[in-house]
Amino acid sequence: MDVLFLVLSFVALTNGATELLQNPDFESTSFSGNWICQGCTLSSSSDSYRGHHSAKITQRQHNWAGIAQTINVSPGNRYVFSAHVKLLNMARGHMFHKVEVMIREAIHGHNQYLDVADSPKVRTDSGWVEIGFDFKIPHNVHQLYVYLQIAEPEVNYLIDSASFKVLPYDANWKAEANSRINSIRKAPITVNLHNLHGSGYQVEIQQTKSKFAFGSALEASKIVDSSHHAYQQFFYDNFEWGVLGNALKWRQMEWNQGHPNLDKPMTAVQALRAKGIKVRGHNMFWGTDGRHPDWIDGMGNSTLIQAMHTHINDVISRTRGSLEHWDVYNENLHGMYFEEHTGHQNITKEMFNWIHQAEPGVKLFLNEYAVASSNQLTSAYKQQAIDLKNAGIPLYGIGIQCHTNSHMDITSLKYRLDKIAEAGLPIWITEFTVNEANEGLKADALENMLTLFMSHPAVEGVLLWGFWDGQIWLPNSVLATGPHVQPNAAGRRYQQLFHQTWRTHVTESVTGSTVHASGFMGDYTLRVKHNGRTVKTTQFTLDKGGQTVTVNL
């Protein structure tokens, strides 16, 4: 309900903006003065996504040939474009087609062409798919020429329900975000005390775990190596979730066919679980070039599928019951190795089904980049999640890799989160970095983005992609440095948010027999003290709806 309310509120806000396209819904069958089709034929169709008509694009002469419109814009403003597209045919020999949204802008008299959004997995049986982007207009640009292109000219398509509107900047976004945090992340606590004897009682309510997940990637050997005590201590003091950066990836795990090495990752997983850390599995399959074992190259379709089954069985036989999540097919919108080498267009769906059959209790995720920190694949990712969900695939959530810097635009980031949330599934920020050398700028950007994530009803957790300069992917994203793993300014800012701002520690003097408080959702220890001495200790979990704790003294 919270997710739906936020998305609907945002849609209402953008829908109130002025529509800048001419004939955006294609209900006028005359395209004079609005849409053009360079190098192609434009006509009207009664096959529509909404309303009675769409535009039909045929007889394309070039890859860039497609429907287009010129739009007047204001420098410095942010805009959002969206439309729905339906392919009418497939080019011979192609499993998918990539629909690209392009813009042409004139800067100092020179045309510049930008590919601003891609939908790489579109087929005729996809039906109507959403495409779109958000974009901040550079200085000295007053017009955009927006057009669609598909690399294969023989592909014809329909387009409907287009829109181009201003994305307004909200100067009060942070105050609104903090208000949402208090609304959606906290709940009431009632403590009923029985058998009090006199006065001098106090109730201490101390949060021990957060329902909202705070975690980090880590290196499997360092988290168990006694020579890295400082690394381990910083992790256990500041995070409640972990993900092994590399040790569970197929390529690293099984360099030689038939000899998977699960001892290294499982030693780390067991050590983490012994400390109360919940662990994500990253990743079962990876579709981009060079991310799979070399020995599967050249396998026939059926042999490769059998190897995939064997891999799942090898892994789940060791990890069953130890992992909370699995990233099933990493970065699939960027790489389709397993579609191409199995000849199976629906292999992504099969991967989810196979893993779910092997371990029904583990939550399964998509995981992708250039969907929040960039606008390139935002709409395509939402569409992929909706397609899997509507097909009944056991997809629990949407993983977002969010590798940013201190210049990340909060308005755009919020728009992209809202867009992906329209799929109606939980979101996890599975890989978060702020790659910034200036520690003050990094601390501020880290706080702003964590505040946005924490305030979004669809987001259930955030995992940093490393924290220490001795084990990090992006060196300028570190939160702690040196052999003693000491926090820098950004690390201290994170610690303040995790340990203080978004943590509940309440001490109340008892004046009657009931104590009321409010706290962040999670696990708690409650202590009743009488004249400074603890006389009762109990634990409880606070979730939506609140919690009433009865204490008999």
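A residue is termed buried when its relative accessible area is under 20%, exposed when this area is over 50%, and partly exposed in between (1.4 Å probe, protein chains only). By this criterion, buried residues constitute 54% of the 553 residues in the chain. The structure is a predicted model, in which local features need pLDDT of at least 70 and side-chain atom pairs count only at pLDDT 80 or more, while totals for chains, interfaces and linings use all residues. Residues are numbered from 1 along each chain as its sequence is written, and side-chain values use heavy atoms, with hydrogens and water left out.

The overall dimensions of the chain were considered next. The C-alpha trace spans about 85 × 60 × 45 Å along its principal axes. The radius of gyration, taken over C-alpha atoms, was compared with a globule rule of 2.2 Å times the number of residues to the power 0.38. For 553 residues a compact globule would have a value near 24 Å, and the 26 Å of the chain agrees with this. Where contact means heavy atoms within 4.5 Å, residues 24 or more positions apart account for 78% of the contacts in the chain with a separation of 6 or more. The exposed surface amounts to about 22,900 Å², of which carbon and sulfur atoms supply 46%. Such accessible areas come from the Shrake-Rupley method with a 1.4 Å probe; for residues, only the protein chains shown count as cover.

The chain contains 12 helices and 29 strands. Helices (H or I, at least four residues) and strands (E, at least two) are DSSP runs, numbered from the N terminus. Strand β16 comprises residues 325-330, and 6 of its 6 residues are buried, so this strand is largely enclosed by the rest of the structure. Two strands are said to pair if DSSP finds at least two bridges between them. Strand β15 (residues 278-286) pairs with β16 in the parallel sense over 5 bridges, and His282 has Asp327 of β16 as its bridge partner. Strand β17 (residues 363-368) also runs parallel to β16, to which it is joined by 5 bridges; here His325 stands opposite Lys363 in β17. Together, β15, helix α6 (residues 301-319) and β16 form a right-handed β-α-β unit. A crossover is right-handed if, with the strands pointing away from the viewer, the path from the first strand over the helix to the second runs clockwise.

Some details of the backbone deserve mention. The peptide bond from His282 to Asn283 is cis, with omega near -10°, and Asn283 is placed in strand β15. Asn23, although not a glycine, has a positive phi of about 55°. This residue lies in the loop between α1 (2-15) and β1 (36-38) and is buried, with a relative accessible area of 12%. Asn531, likewise a residue other than glycine, has a positive phi near 55°. Asn531 is located in the loop between β27 (522-530) and β28 (533-542) and is exposed, its relative accessible area being 60%.

Finally, the cysteines were examined. A disulfide is a covalent bond between the sulfur atoms of two cysteines. With a disulfide taken as a pair of cysteine sulfur atoms within 2.5 Å, a search of the whole structure finds 1. This disulfide joins Cys37 to Cys40, with an S to S distance of 1.9 Å. The link of Cys37 and Cys40 is left-handed, with -115° about the S-S bond, and both residues are buried. Cys402 also counts as buried, at 0% relative accessibility.
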